[in-house]
Amino acid sequence: MNSELKFFVQTNYKHDYHIQNHTHPCYELVYYMDGNGSSEIGKKRYDFKKDTFALIKPNQIHNESADKNTSVMFIGFTTSYESIAEGMYYNDTTPVRQLMDEIGEEREQKKPYYKSMLNLLVEKIVLYLLRYPVNDKKEKTSFDDVLTYIKMNANKNMSIQQMAYNLGYSYDYFRQMFAEKANVSAKKYLMNIKIANVKEYLLNSDYSVNKIARITGFSSPSHLCTVFKETFGQTPKEYQEEQRNYAYFHNMSKFVN
């Protein structure tokens, strides 16, 4: 086991409070279950609200102030991992809350091997923090910027999962957020852009389907043909011929008239 729990505290502050500058010899994770306030970690100040949490490195000076009825639970732990990002985490915090709740339950119930289970739960929290780096801002990239990023990178053979990571989101949070804001899945949105780009090349270039598949980020020409036929009911070549024939006869009708 690479991580070990040192302490766990859960409390509700009924009145406004201020905790003076202090340090711990271990990591500290403070989860805000309810309330509003601010925390200063090192020389950075962060605002917090319900379902956000702070991660403070060993021996780092920090303080905290909050309004009344602020509920928190916090743990101290050691770990051999050294790349955990310090700061305030604002998005996708549910997994950490669930693991913190489990730690509280294990401490209360004290079932056989509970100490090993506590360390295992801490290890899972640490691994989560390593997977989803801290975001120092309350708001991540604006949604308009997210849409622009997808459009600009649609022709790359890049998955939505990779795009979410590049934008600073966890995959699960990104999928949920995107569907709520766009009323369509991120994967479908990306595919619609790819198909629109394919249509442009089919109508305005002499590129082969193989080349179009490559420059629009499809994994293979067969994948492109499958998706295209599912969307339009015809192959890329059939679509190209139909559109070019239509354009030819349309232009000819102008001379006849």
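Modeller: Quick definition before we start: two strands count as paired if DSSP finds at least two bridges between them. Strands (E, at least two residues) and helices (H or I, at least four) are DSSP runs, numbered from the N terminus. You're looking at a predicted model, so local features need pLDDT of at least 70 and side-chain atom pairs 80 or more, while totals for chains, interfaces and linings use all residues. Residues are numbered from 1 along each chain as its sequence is written, and side-chain values use heavy atoms, leaving out hydrogens and water.

Colleague: Which residue in β5 stands opposite G37?

Modeller: β4 (residues 37–41) and β5 (residues 44–48) pair in the antiparallel sense over five bridges. Across from G37 in β5 you'll find F48.

Colleague: And which residue of β7 stands opposite G37?

Modeller: β4 also pairs with β7 (residues 62–66), antiparallel and over five bridges. On that side, G37 stands opposite A66.

Colleague: How many of the five residues of β4 are buried?

Modeller: Buried means under 20% relative accessible area with a 1.4 Å probe, protein chains only (over 50% is exposed, in between is partly exposed). β4 is largely enclosed by the rest of the structure, because the number of its five residues that are buried is four.

Colleague: What is the strand order in the open sheet of five strands?

Modeller: The pairing in this sheet is antiparallel. Its edge strands, β1 (3–13) and β9 (87–89), each pair on one side only. Put together, the order reads β1-β8-β3-β6-β9.

Colleague: How are α1 and α2 oriented relative to each other, roughly parallel or antiparallel?

Modeller: Axes are lines fitted to C-alpha atoms, for helices over the stretch in contact, and angles run from 0 to 180 degrees between N-to-C directions. α1 (residues 94–109) and α2 pack at about 170°, with axes 10 Å apart. Under 35 degrees counts as roughly parallel, 65 to 115 as roughly perpendicular, over 145 as roughly antiparallel and the rest as oblique. α1 and α2 are therefore roughly antiparallel.

Colleague: Which element gives the largest share of the largest nonpolar core?

Modeller: Such a core is a set of buried Ala, Val, Leu, Ile, Met, Phe, Trp, Tyr and Cys residues joined through side-chain atoms within 4.5 Å. The largest one has 24 residues, with L29, I75, F77, I103 and L129 making the most contacts inside it. β1, β3, β6, β8, α1 and α2 each supply at least two of its residues. The largest share, seven residues, comes from α2.
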